[in-house]
Amino acid sequence: MKRGLSAFNLVSLVLGFAFLYLPILLLVVYSFNASQLVTVWGGFSTRWYASLMGNRLFLDAAWVTLRVAFLSATLATVLGTMAAMALVRHARFPGRTLFSGMVFAPLVMPEVITGLSLLLLFVAIGFDRGFWTVTVAHTTLTLCFVAVVVQSRLVSFDRSLEEAAQDLGCPPAKAFLLITLPVIWPAVAAGWMLAFTLSLDDLVIASFTSGPGATTLPMRIYSQVRLGVTPEINAISTIMIAVVAVGVIAAALFTRRQETRRRADERLAAQDV
Amino acid sequence: MASRALRVNWWKGAVIGVPYLWLLVLFLVPFAIVFKISLSETAIAQPPYLPVFDWTGVSALAGSLRQLGTQSYQFLAEDPLYLNAYLSSLQIAAVSTALTLLVAYPLAYAMSRAPGGLRPVLVMLTVLPFWTSFLIRVYAWIGILRNEGYLNQFLLWTGLVDTPLTIINTNTAVYVGIVYSYLPFMVLPIYASLERLDPRLLEAAGDLGCTPLGAFWRITFPLSLPGVLAGALLVFIPAVGEFVIPDLLGGSQTLMIGKTLWDEFFTNRDWPVASAVAVLLLLVLVVPIVLFQRIQARAA
């Protein structure tokens with residue numbers, strides 16, 4: 001069977017990717033529109049970026065969002081990696097079924113339910129909503145994504161290395177830090193990236209769990225969008241798209257380099273033997 | 001060696017215990033609270049429901065438990081709005097899933113037939129939109145689908161229509177939004193199953209006189225079904241509870257349960273009814289979620 005692209009396949013690819021990218025492209029192009037009317041082209045201008053820079057509401061929200069995303073992604077990476085270790089390394093412990101259920105359920109749970117339930121918890125224990133409640137909520141949601149990413153890497157990890165270190169007297173925590181973590185590192189980094197992006201992006205859970213003074217960027221954009229389409233939203237969207245695109249491409253290149261280096265190391269190690 | 005066993009146990013306990021406790025307190029207990037509040041009475045109070053659990057003693061706690069009721073559920077059963085919202089959510093999610101499949105299959109198929117070096121790039125191009133903000137991708141469609149939006153401008157310019165089409169604020173706009181937002185979730189599992197397909201099967205079919213279309217229908221398509229099913233569930237489950245897309249692209253006649261829950265909570269401030277809506281939404285989704293877990297477990 002030939003693997004070449006037939007005309008049909010070529011058309012599918014072109015149409016499919018046009019559908020995926022045209023809306024984003026239009027958004028970016030029109031963020032440089034001089035006209036106040038969003039859908040009428042009035043010449044090239046960066047005025048909406050300038051007006052964005054003077055908009056305290058957006059800047060404050062962006063700052064809150066970045067701090068929440070950084071903290072929650074870091075916490076989620078620690079907890080998610082632990083959860084993945086627990087699931088891969090320990091086939092049996094009391095309540096394992098419940099635990100694996102709780103790790104995977106948030107992946108498919110509708111966000112409105114997760115958001116509502118966390119809010120009701122915070123109200124029930126009388127914890128004031130704000131920066132920390134959003135951070136904790138995002139940690140809970142994203143640790144599951146980290147666990148899935150890290151788990152898939154841990155499964156193929158050769159345990160004998162770590163066991164050898166432990167037989168030689170290395171404490172388990174140290175063996176994890178010195179041997180396992182450097183090997184699974186790309187997956188841990190990818191998990192952090194995923195958690196960070198999911199937190200940046202989240203509207204629904206943040207809306208339920210945040211309080212006064214902790215308005216995140218998606219919440220701000222959402223309330224603005226409900227009032228109507230504005231060129232400023234196009235500008236802020238373009239900035240967010242650019243940041244994410246650069247981040248994802250950099251991460252992809254980084255992981256590929258790591259992977260190549262790891263393979264080279266393994267080849268060298270094999271030759272020594 | 002006792003100290004070594006102790007150290008291993010300490011490590012094992014921490015690795016299991018810390019995330020376990022976190023999820024127990026922040027995932028499972030909150031659901032219990034939602035369930036409990038769905039059985040409470042609506043009240044004009046802070047927080048707006050009765051009874052609040054009285055933790056001061058066993059008898060006080062038993063007293064608050066006795067006050068639990070099913071008013072919220074009766075309320076949901078009596079007002080046809082809620083039943084319609086559940087049914088309409090299921091319908092919108094089912095139609096969107098079918099449409100997503102129609103768009104995703106040819107794309108995934110073409111990707112799996114692309115030259116080997118190109119395939120990782122195509123996968124990357126499929127995943128990239130997923131990394132850009134969901135809210136912004138939905139927002140982009142407002143600009144396209146509005147009456148004076150890019151699509152209508154284009155259609156008027158080409159002379160295909162004389163008057164602008166009304167797409168925004170209809171269910172059609174919701175379908176477009178869901179297909180667009182969830183497309184990668186459908187493409188990737190289908191691509192994965194097509195990529196694994198052994199090309200020798202198709203060669204054998206060809207040698208035995210099967211036409212390419214016949215070989216597709218008898219071999220390729222059936223073997224891609226696990227991917228299709230996984231993709232369909234990955235689109236269907238979140239689509240049922242979707243809030244952002246129907247809120248921004250749908251109109252007043254678009255009825256979806258996620259939006260109903262949101263309005264019940266934020267607009268009517270009726271926490272017990274919002275909780276009851278959440279409990280029933282979860283019940284509706286139990287079957288597809290369990291089905292999805294089964295498929296994942298079998299694939300692993």
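**Figure 1. Cysteines A:C170 and A:C144 in the predicted model.** In this predicted model, A:C170 has a relative accessibility of 17% and counts as buried. The value falls in the buried class because that class covers everything under 20% relative accessible area. A:C144 is likewise buried, with a relative accessible area of 0%. Over all chains, the structure holds zero disulfides.

**Figure 2. Interface of chain B and chain A.** On the chain B side, 90 residues make contact, and their partners are 86 residues of chain A. About 8,100 Å² of area is buried between the two chains. Carbon and sulfur atoms give 79% of that area. The rule finds one salt bridge across this interface.

**Figure 3. Salt bridge of A:R226 and B:D247.** This view shows the pairing of A:R226 from chain A with B:D247 from chain B. The closest N and O atoms of the two residues lie 3.4 Å apart. The pair counts as a salt bridge because the cut-off for such a nitrogen and carboxyl oxygen is 4 Å.

**Figure 4. Helix α8 of chain B.** Helix α8 of chain B runs over residues 171-195, a total of 25 residues. From the first C-alpha to the last, the helix reaches 34 Å, close to the 36 Å expected at 1.5 Å a residue. Of the 25 residues in α8(B), 18 are buried, so the helix is mostly covered by the criterion of under 20% relative accessible area.

**Figure 5. Kink in α8(B) at B:Y182.** At B:Y182, α8(B) has a kink of about 55°. The proline B:P184 follows shortly after this position. The span of the whole helix, 34 Å, is nevertheless close to the expected 36 Å.

**Figure 6. Loop residue B:N169.** B:N169 belongs to the loop between α7 (150-158) and α8 of chain B. Although B:N169 is not a glycine, its phi is positive, at about 65°. The relative accessible area of B:N169 is 42%, and the residue is therefore partly exposed.

**Figure 7. Loop residue B:R269.** The loop between α12 (257-266) and α13 (271-299) of chain B contains B:R269. Phi of B:R269 is near 55°, which is a positive value in a residue other than glycine. With a relative accessible area of 41%, B:R269 is partly exposed. This class applies because 41% lies between the limit for buried, under 20%, and the limit for exposed, over 50%.

Methods:
Residues are numbered from 1 along each chain as its sequence is written. Chains are lettered from A and ligands numbered from 1 in the order in which they are written. This is a predicted model: local features need pLDDT of at least 70, side-chain atom pairs count only at pLDDT 80 or more; totals for chains, interfaces and linings use all residues. Side-chain values use heavy atoms; hydrogens and water are left out. A disulfide is a pair of cysteine sulfur atoms within 2.5 Å. Buried means under 20% relative accessible area, exposed over 50%, partly exposed in between (1.4 Å probe, protein chains only). Helices (H or I, at least four residues) and strands (E, at least two) are DSSP runs, numbered from the N terminus. The expected span of a helix is 1.5 Å times one less than its number of residues. The bend at a residue is the angle between axes fitted to the seven residues ending there and the seven starting there. Contact means heavy atoms within 4.5 Å. Buried area is the accessible area (1.4 Å probe) that two parts lose on being put together, summed over both. A salt bridge is a side-chain nitrogen of Lys or Arg within 4 Å of a carboxyl oxygen of Asp or Glu.
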